[in-house]
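This is a walk through one structure, part by part. Keep the model in view while reading.

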Amino acid sequence: MTHFTTTVHVDGMTCGHCVASVTEEIESIDGVDGVTIDLNAGGISEVTVNSDRKLKHESISEAVAEAGYVMVDNNA
């Protein structure tokens with residue numbers, strides 16, 4: 001089985017509850033089988049998404065927005 005890893009950056013998470021909210025929303029995307037977040041409280045946090053298919057950044061961005069946060073350019 002092929003596995004894909006997508007890394008994005010999210011602004012504004014400050015605590016474990018934020019991480020849990022973003023993780024829950026991203027895990028609801030079809031094909032996602034794991035989410036790891038390197039929390040940078042109040043700054044830009046790195047979010048790694050493991051999936052069984054290539055994901056559209058728009059799908060991840062929408063899930064992050066649903067949790068109340070903003071995905072930012074990976075070069076930020």
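Angles between axes run from 0 to 180 degrees and are taken between N-to-C directions, each axis being a line fitted to C-alpha atoms. The model described here is predicted. In it, the axis of helix H1, residues 16-27, comes within 8 Å of the axis of helix H2, residues 57-66, and the two cross at roughly 140 degrees. An angle over 145 degrees would count as roughly antiparallel. The crossing of H1 and H2 is therefore classed as oblique. As for its hand, H1 passes H2 in a right-handed crossing.

Which residues meet where H1 touches H2? From H1 come Val-22, Glu-25 and Ile-26, and on the side of H2 they meet Ile-60, Ala-63, Val-64 and Glu-66. Sorted by character, the residues of this contact are five nonpolar and two charged, with no polar ones.

The strands come next. Four of them form an open sheet, and their order across it is S2-S3-S1-S4, with antiparallel pairing. The edges of the sheet are strand S2, residues 32-38, and strand S4, each of which pairs on one side only. From one strand to the next, the twist averages 35 degrees.

Strand S1 can be followed through its pairings. With S3, S1 forms an antiparallel pair over eight bridges, S1 covering residues 4-11 and S3 residues 44-51. Within this pair, Asp-11 has Ile-44 as its bridge partner, and Val-10 is matched with Ser-45. S1 also pairs with S4, residues 70-72, again in the antiparallel sense, here over three bridges. In that pairing Val-10 stands opposite Met-71. Val-10 thus appears in both accounts, with Ser-45 in S3 as one partner and Met-71 in S4 as another. In a regular strand, side chains alternate between the two faces of the sheet.

It remains to place the helices against the strands. What does H1 lie across? H1 lies across S2 and S3, and runs at about 155 degrees to S2. H2 also packs on the sheet, where it touches S1, S3 and S4. The direction of H2 makes about 40 degrees with that of S1. S3 is therefore named in both contacts, with H1 lying across it and H2 touching it.

Definitions and conventions:
Residues are numbered from 1 along each chain as its sequence is written. This is a predicted model: local features need pLDDT of at least 70, side-chain atom pairs count only at pLDDT 80 or more; totals for chains, interfaces and linings use all residues. Side-chain values use heavy atoms; hydrogens and water are left out. Two strands pair if DSSP finds at least two bridges between them. Helices (H or I, at least four residues) and strands (E, at least two) are DSSP runs, numbered from the N terminus. Angles under 35 degrees count as roughly parallel, over 145 as roughly antiparallel, 65 to 115 as roughly perpendicular and the rest as oblique. A crossing is left-handed if the near helix is turned anticlockwise from the far one by less than a right angle, and right-handed if clockwise. Contact means heavy atoms within 4.5 Å. Ala, Val, Leu, Ile, Met, Phe, Trp, Tyr, Cys and Pro count as nonpolar, Asp, Glu, Lys and Arg as charged, and the others, Gly among them, as polar.
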